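Biologist: I should like to learn how side-chain contacts are read in a model of this kind. Please begin with the aromatic rings.

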Amino acid sequence: MLNCGRIKYTNDLPVYAAFDEGVIAYPGTLHADVPSKLNQMMLEGRLDVGPISAYAYAKDFQRYVLLPDLCIGARDEVISVVLVSSVPPALLNDAEIAVSSESATGRNLLRVLLERRYGVHARFVERDDAAAAANAGHAALLIGDAAIDAQLALPVERVYDLGALWHDWTGEQTVFAVWAARREVYERDAGAVRACMHALTDAYTWARGNMEAVIARAQAIIARPPGFYENYYAKLNFTFHSAAQRGLAAYCRELQAIGAIETLPPVVPEAIGVSN
């Protein structure tokens, strides 16, 4: 039985709610945590399969087999990855930006946008509570449910959606997480990896036909205004199709341009036979 990761935010529910509801059995163990912890656990061999940040994949792609079918991203607005700032991004040169330790992809996407789109260089300072910094009026990068809280509570002119900034600049989708297996695990037991991915794609298929149940579960975890989750999940993209692969490729090229990675990784899944 494989040890598998799961992102600890409400944005993963369209992929995992079927397991929570007991509709589909998952053929492995599931460990929920923030993206940076899942990245580290995969790198250390404590997880076998699961979602890892796009940046973590790009940085250490030789260690992983990129899996097909699923990703976590957005076509345009993402809602749950935002820069909170009292001034526009183009005016943040040499500014201090509070960041949490939770996300590698969001932090590097913000760096790409600042350096490549706006030509400014900011200083990222890790804070235990980046949301508190944002609420106090400081520039901050927020992800997950903290980002959603900011979208709902702060003045719209202070919140910059990184998915929208990226799409406006490049015309491409964002990909924040991909599903991967550690290479040695896939080579040892490809069948177990396929079984996990089959279960995940089945669960996502179930969710698309039962969004009322997914939204009810999300509301039970964190209550939001009526209609919020319907709009939020409609903005997200969970399918690792060609448009998402193009978006990931563009992101990786920009990472290389700022020196965040040395080698461009493959963005076409190499595991054959996982798709239903």
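Modeller: Ring pairs join Phe228, Tyr229, Tyr232 and Tyr233 into a cluster. Rings of Phe, Tyr and Trp (its six-membered ring) pair if their centres lie within 6.5 Å; planes under 30 degrees apart are stacked, over 60 edge-to-face, and the rest tilted. The model is predicted, so local features need pLDDT of at least 70 and side-chain atom pairs count only at pLDDT 80 or more, whereas totals for chains, interfaces and linings use all residues. Residues are numbered from 1 along each chain as its sequence is written, and side-chain values use heavy atoms, with hydrogens and water left out.

Biologist: How many aromatic pairs does a search of the whole structure find?

Modeller: A pair of aromatic rings is described by the distance of the centres and the angle of the planes. The search of the whole structure yields 9 aromatic pairs. One of them joins Trp166 and Tyr251: the centres are 6.4 Å apart and the planes stand at 85°, so this pair is edge-to-face. Trp166 belongs to helix α7 (residues 162-170) and Tyr251 to helix α12 (residues 242-257), so the pair ties together parts 85 residues apart in sequence. Helices here are DSSP runs of H or I with at least four residues, strands are runs of E with at least two, and both are numbered from the N terminus.

Biologist: Are Trp166 and Tyr251 buried or exposed?

Modeller: Buried means under 20% relative accessible area, exposed over 50%, and partly exposed in between (1.4 Å probe, protein chains only). Trp166 has a relative accessible area of 1% and is therefore buried; Tyr251, with 3%, is buried as well.

Biologist: Which residue has its charged end over the ring of Phe228?

Modeller: A charge sits over a ring if NZ of Lys or CZ of Arg is within 6 Å of the ring centre and within 35 degrees of the ring normal. The charged end of Arg224 sits over the Phe228 ring, 5.9 Å from its centre.

Biologist: With which side chain does Arg224 meet in a salt bridge?

Modeller: Side chains of opposite charge can pair when their charged atoms come close. A salt bridge requires a side-chain nitrogen of Lys or Arg within 4 Å of a carboxyl oxygen of Asp or Glu. Arg224 meets Asp145 in such a bridge, at 3.8 Å from N to O. Asp145 lies in helix α6 (residues 144-153), and Arg224 in the loop between α10 (211-221) and α11 (228-235), 79 residues apart. By this rule the count is 19 salt bridges.
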